[in-house]
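Thanks for sharing this one with me. My notes follow as numbered points, so you can go through them with the model open beside you.

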Amino acid sequence: MRLIELIEVDPNAPAASKKTENEDTEFQLPEQMGILPIRSAVAFPGTVMPLAIGRERSKKLVSDLIPQETIFGLVAQKDPEIDDPAEEDLYRVGTAASVLKVIKMPRGSINMIVHGIARFEVIEYVASEPYLKARVRMLKTRTRRTKQLQALVMSVRNTANRVVALSPNMPEETSMLLENIQDPSALADFLAATLNIPLEEKQELLEQLDTYRRLEKISVALANQLEVLELSHKIQGQVRESIDKSQREYFLQEELKAIQAELGQDDRRAEETKEIQAQIKAARMPKEVEAEALRELDRLNKMPPASPEYSVLRTYLDWMCELPWAKATEDRIDIARARRILNREHYGLDKVKRRILEFLAVRQLNPHGKSPILCFVGPPGVGKTSLGRSIARAMGRKFVRISLGGIRDEADIRGHRRTYIGALPGRILQELRKCESKNPVFMLDEMDKIGQDFRGDPASALLEVLDPEQNNSFTDHYLDQPFDLSDVMFIGTANYTEPIPPALMDRMEVLELPGYTPLEKLQIAKKYLVVRQIQENGLKKNQLTLRDDVLLELIQSYTNEAGVRNLERTIGSICRYAATQIAEKKRRRMTITAKDLPAILGPRKYESELALRTAVPGVVTGLAYTPVGGEILFVESVMMPGKGQLLLTGQIGEVMKESAQAAFSLVKANSATLKIEPQVFEKNDFHVHVPAGAVPKDGPSAGITMFTSLVSLLTNRPARPDVAMTGEITLKGFVLPIGGLKEKILAAKQAGIKTVILPTRNAKDLADVPKEAKSGLKMVFVSNAQEALETALEPQNKPSRRPRRKTASTTAGGAA
Ligand SMILES: Nc1ncnc2c1ncn2[C@@H]1O[C@H](COP(=O)(O)OP(=O)(O)OP(=O)(O)O)[C@@H](O)[C@H]1O
Ligand SMILES: [Mg+2]
């Protein structure tokens, strides 16, 4: 619809209505009229339209008309391009009109506003100069006022109103005007003039004299127009919405920039951004990770630096940049050199060292192959951690270690999500950042002490860490990006393997470090500990001499351990004593002898209790295997008047209880051969106790000791003080093999035992026990419990020994 056509808003005005074409209009057309051809428009009766007059003939017509206020004819050109149209270039039907206003424009052109009055048909043209003139006949429209027409008018009005509402350029009055036009034919003409349809269709509407048909056509055209308008409206809405959003963001960002510039932060910020960007590049992350880091940097840039989110994101980016994504030390694997380093730093441990060298050799041949994860298992102080350090040195790698003792939360391994306040990556990534290398030797200490609580299971996180199939994309919750751990060499350590979850055990190759014999300890002390302690306490090598007998006395009477940690500490005490003496200028240099020890360290801590304890019948020495190495233990039995019940105490577990019961039954069943009165069992209650009562104990290997203890009690034969035993028994008296043989033998020797009674079926395991541990020890193998008795107990008729204090003699002989 064109705006200009709506200038005239009063078709019912008196002048117009008088002249408006209608069935009952009196209005008459003159027989001849001047004809004004119009281009690209059709004039309709009852409407007003502007005309620009340019052509010479038209101008002449207009100048003739004006003074007389004559009516003239408006006829559309078929082809708007023609400048000087002849008869045949014009439509035959047109609209008679009168002039409302003429405006003379500069340069001789004329604009005028005309008002359509009635339809006419050209009968014939009578002149073409100075302008077209024709004989005409007025055409009358036909309006039959039916119900259909009424309905059609209503619907057309409705549609037209909606079109008006959706057309942004329509003045509001238009809909008022629509309401005001009562005559259906006038309404049709008004709408026809405003419709946006091709010229020919408009002409058709003009020529259609039947009002109903005309309105029908208009209705269709209006509906089309409405559809187009609605569609364009919808499209506009969508476009506006998207523009609004991006405009808003743009606007806010510009505002933010302005604020930052005002605060002078702009430059600093730009610099910082550049710096971080450079750091990200320098970190040489994998492509996707780098892209993510840059995205986060972009996000950072849009944040006000004072916001808490800013510092969280900043810390995150720092972490990303500082992790050793590509930093690694170069492996220097040279087997001969590695062997030298291992031997230089550790005494003995031949089997373990050999395995380590094999491991390194395989690494050297196949650097990217998947190697097993080693796990060192053994009592405290046997050198597990320090071996790990040596391996790192031998390979030319960095060394890190974390202690898993007390870790109960998965997040300790894997970190907390960034959304938590104060979140950090887990220990694995923390250590890697600290050591600045992605291929360190990474020791997971105390794997047997991993805890577990409601916050998830750290062991399952470790599973992923230790799985060569998965650990090349280890995801820390904080980082939220995969990190490649496959170059890290993990080594686990544990005191014993039982508490380690089986799935974890399955991923590791266990290397046992069982503990040292006194002679091994002596060598370690001479070669490493003394030298180190002398140095650490500020002495010179020649200022302090510790002879072997002193060291052995330390090993046997002042320490009681499988490893050498306490030994080193005790040597440290002696060094400090010597340092004090020397510093006070009392002496230049010192030689410590065994006799000096009580003065320096106090009385001996581990005197043999054997003689003392076993002085009475019913107390027998057994051998136990504990997480911290082998140990001797005592089994004590007493009886008191009662009804034959068996009481068991000393924090003993189910298995140990059962073997006590088995031992008791075995004694009862064999009372005849053992020469025990059967009535004893009916008249007495029996109590078996295993001190120290506060330490939990379990396992079947004390069976033979319990049996011997009960027999000792019932036959009144005290046990020999220098005999110890171990072995599981069956109800039939058979002796079954036990574990931890080496540790038990070491413990026996340490305690001053001379004879050990062992299951026959353990004989083959003796090959694994170091020679010096065996030397001086008598091994008695038994397959039946009763065979143990002659070795273990004093002869029956020998009177009870009087308790007396006596230190067990040692094989090394220096500690009397
Ligand atoms: N065979 C050895 N040769 C030389 N020194 C040793 C040897 N075994 C242990 N040590 C020394 O003993 C000390 C304790 O060893 P380390 O800390 O490695 O024990 P650990 O097995 O890790 O014990 P824990 O189970 O308590 O962690 C270290 O100073 C180590 O150098
Ligand atoms: Mg350790």
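Which residues of H7 are buried? That is where I started, and the answer opens the list below. Please keep in mind throughout that this is a predicted model.

1. **The buried residues of H7.** The buried set consists of Thr 211, Arg 214, Leu 215, Ile 218, Ser 219, Ala 221, Leu 222, Gln 225, Leu 226, Leu 229 and Gln 260. Gln 225 has a relative accessible area of 15%, and it therefore counts as buried, the cut-off being under 20%. The C-alpha atom of Gln 225 is separated by 75 Å from that of Gly 369, with the two positions 144 residues apart along the chain.

2. **The length of H7.** Helix H7 covers residues 211–263, which makes 53 residues. At 1.5 Å a residue the helix should span 78 Å, and the 74 Å between its end C-alpha atoms agrees with that.

3. **The start of H7.** Here a side-chain oxygen of Asp 210 comes within 3.0 Å of the backbone nitrogen of Tyr 212. Tyr 212 belongs to H7 and is partly exposed, at 29% relative accessibility. Measuring tools in your viewer should reproduce the next value: from C-alpha to C-alpha, Tyr 212 and Leu 429 are 86 Å apart in space, and they are 217 residues apart in sequence.

4. **Val 239, also in H7.** This residue sits in helix H7. Its relative accessible area is 41%, so Val 239 is partly exposed. Between the C-alpha atoms of Val 239 and Asp 298 there are 27 Å, for a separation of 59 residues along the chain.

5. **The surroundings of ligand 1.** There are 19 residues around ligand 1, and those that come nearest are Tyr 347, Gly 381, Lys 384, Thr 385 and Arg 565. By character, the shell is made up of eight nonpolar, six polar and five charged residues. Three helices each supply at least two residues of this shell: H13 (384–395), H18 (518–536) and H20 (565–583).

6. **Polar contacts of ligand 1.** Which side chains should you look at here? Thr 385 has a side-chain N or O atom 2.6 Å from an oxygen atom of ligand 1. For Asn 495, the distance from a side-chain N or O atom to an oxygen atom of the ligand is 3.2 Å. With Tyr 516 the ligand atom is a nitrogen, 2.9 Å from an N or O atom in the side chain. Ligand 1 taken alone exposes 640 Å², and the protein buries 86% of that.

7. **Cysteines.** How many disulfides does a search of the whole structure find? The result is zero. Cys 435 shows the reason in its own case: the closest cysteine sulfur, in Cys 321, is 17 Å from the sulfur of Cys 435, too far for a bond. Cys 435 is buried, with 7% relative accessible area, and Cys 375 counts as buried too, at 0%.

8. **A cis peptide bond.** Most peptide bonds are trans. The one from Glu 129 to Pro 130 is cis, and its omega is near -10 degrees. Pro 130 is located in the loop that runs between strand S5 (110–127) and strand S6 (133–139).

9. **Positive phi values.** Most residues other than glycine have a negative phi. Ser 40, however, has a positive phi, near 40 degrees. Its place is the loop between strand S1 (32–38) and strand S2 (48–53), and at 47% relative accessibility Ser 40 is partly exposed. Asn 716 likewise has a positive phi, near 60 degrees. This residue lies in the loop between helix H26 (703–715) and strand S20 (723–725). At a relative accessible area of 52%, Asn 716 is exposed, since the cut-off for that class is over 50%.

10. **Ala 503 and Leu 463.** Ala 503 is part of helix H17, which covers residues 502–506. Its relative accessibility of 36% makes Ala 503 partly exposed. The C-alpha atoms of Ala 503 and Leu 463 are 7.5 Å apart, while along the chain the two are 40 residues apart.

Technical notes. Residues are numbered from 1 along each chain as its sequence is written. Chains are lettered from A and ligands numbered from 1 in the order in which they are written. This is a predicted model: local features need pLDDT of at least 70, side-chain atom pairs count only at pLDDT 80 or more; totals for chains, interfaces and linings use all residues. Side-chain values use heavy atoms; hydrogens and water are left out. A residue is near a molecule or strand if one of its heavy atoms lies within 4 Å of it. A polar contact is a pair of N or O atoms within 3.5 Å; within protein, one must be able to donate a hydrogen and the other to accept it, and residues adjacent in sequence count only if both atoms are side-chain atoms. Accessible areas come from the Shrake-Rupley method with a 1.4 Å probe; for residues, only the protein chains shown count as cover. Helices (H or I, at least four residues) and strands (E, at least two) are DSSP runs, numbered from the N terminus. Ala, Val, Leu, Ile, Met, Phe, Trp, Tyr, Cys and Pro count as nonpolar, Asp, Glu, Lys and Arg as charged, and the others, Gly among them, as polar. The expected span of a helix is 1.5 Å times one less than its number of residues. Buried means under 20% relative accessible area, exposed over 50%, partly exposed in between (1.4 Å probe, protein chains only). A disulfide is a pair of cysteine sulfur atoms within 2.5 Å.
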